[in-house]
Amino acid sequence: MRATRVVPSRRGLFYAAFEVIAIGAVVGMCLADGSASGEGPGPAANQGAGASSTESSVIARTNEARAKRGLAPLTADAALMNGARRQAAWMARNRNLSHGQGVTENIAMGQASAAEVVADWMRSDGHRANILGSHSRIGVAMARAADGTVYWCQQFR
């Protein structure tokens with residue numbers, strides 16, 4: 001049997017790239033006006049590293065899970081945010097759920113919200129161990145594939 005390769009249309013790639021660019025634009029606007037956290041007040045760790053409201057929500061929910069266990073909050077780290085954004089964009093572009101190299105990370109696909117993805121990670125032993133580990137910094141991202149599938153990435157250091 002011969003394998004066939006599915007090549008996304010240029011239009012589909014355009015929309016996937018557009019979404020990544022749009023997220024970057026929102027991040028830039030948030031940095032300019034200081035409104036990086038779109039879900040109301042939260043831990044100070046939500047601020048910084050140019051987090052979008054979705055990214056801030058993932059960080060806040062991650063830190064809530066840590067606080068319930070008496071752990072210190074994670075602080076958003078610009079390098080980890082950029083790494084998570086690259087990985088999420090790569091996964092969305094290639095429609096391939098796979099880990100990057102050299103960092104501790106959680107990845108997921110298909111969840112509709114920050115609440116859903118963090119809840120799913122907390123139900124998994126390995127993902128929960130990463131969230132509750134002895135890290136101090138975090139980077140998070142989400143990217144949407146041309147077909148609408150959402151890819152998530154969380155990186156820790």
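**Sheet, helix packing and principal pocket**

Strands β3 (residues 137-144) and β4 (residues 150-156) run antiparallel and are joined by seven bridges. Within this pairing, Ala143 of the one strand lies opposite Tyr151 in β4. The structure described here is a predicted model. The two strands belong to an open sheet of four strands, whose order is β1-β3-β4-β2 and whose pairing is mixed. At the edges of the sheet lie β1 (75-76) and β2 (104-109), each of which pairs on one side only.

Two helices pack on this sheet. Helix α2 (residues 53-67) touches β1, β3 and β4, and its direction makes about 135 degrees with that of β3. Helix α3 (residues 78-94) touches β1, β2, β3 and β4; the direction of α3 makes about 25 degrees with that of β3.

Helix α2 also packs against helix α4 (114-122). The angle between α2 and α4 is about 35 degrees, and their axes are 9 Å apart. The crossing of these two helices, α2 and α4, is right-handed. On the α2 side, the contact is made by Thr54, Ser57, Val58, Arg61, Thr62 and Ala65, while α4 contributes Ala114, Ala115, Val117, Val118, Trp121 and Met122. By class, the residues of this contact between α2 and α4 comprise eight nonpolar, three polar and one charged.

The same two helices, α2 and α4, each supply at least two residues to the lining of the largest pocket. This pocket has a volume of about 160 Å³. Its lining consists of Arg61, Glu64, Ala65, Lys68, Arg69, Ala115, Val118, Ala119 and Met122. Helix α4 gives the most to the lining of the largest pocket, with four residues. Five residues of the lining are nonpolar and four are charged, whereas none is polar. Several residues take part both in the helix contact and in the pocket: Arg61 and Ala65 of α2, together with Ala115, Val118 and Met122 of α4, belong to the contact and also line the largest pocket.

Key
Residues are numbered from 1 along each chain as its sequence is written. This is a predicted model: local features need pLDDT of at least 70, side-chain atom pairs count only at pLDDT 80 or more; totals for chains, interfaces and linings use all residues. Side-chain values use heavy atoms; hydrogens and water are left out. Two strands pair if DSSP finds at least two bridges between them. Contact means heavy atoms within 4.5 Å. Axes are lines fitted to C-alpha atoms, for helices over the stretch in contact, and angles run from 0 to 180 degrees between N-to-C directions. On a 1 Å grid over the protein atoms alone, a cavity is a set of points where a 1.4 Å probe fits but cannot get out, and a pocket is an open set with protein on both sides within 12 Å along at least five of seven lines; lining residues have an atom within 4 Å of a point. Grid points are joined across faces, edges and corners, and a volume is the space filled by probe spheres set on the points. Ala, Val, Leu, Ile, Met, Phe, Trp, Tyr, Cys and Pro count as nonpolar, Asp, Glu, Lys and Arg as charged, and the others, Gly among them, as polar. A crossing is left-handed if the near helix is turned anticlockwise from the far one by less than a right angle, and right-handed if clockwise.
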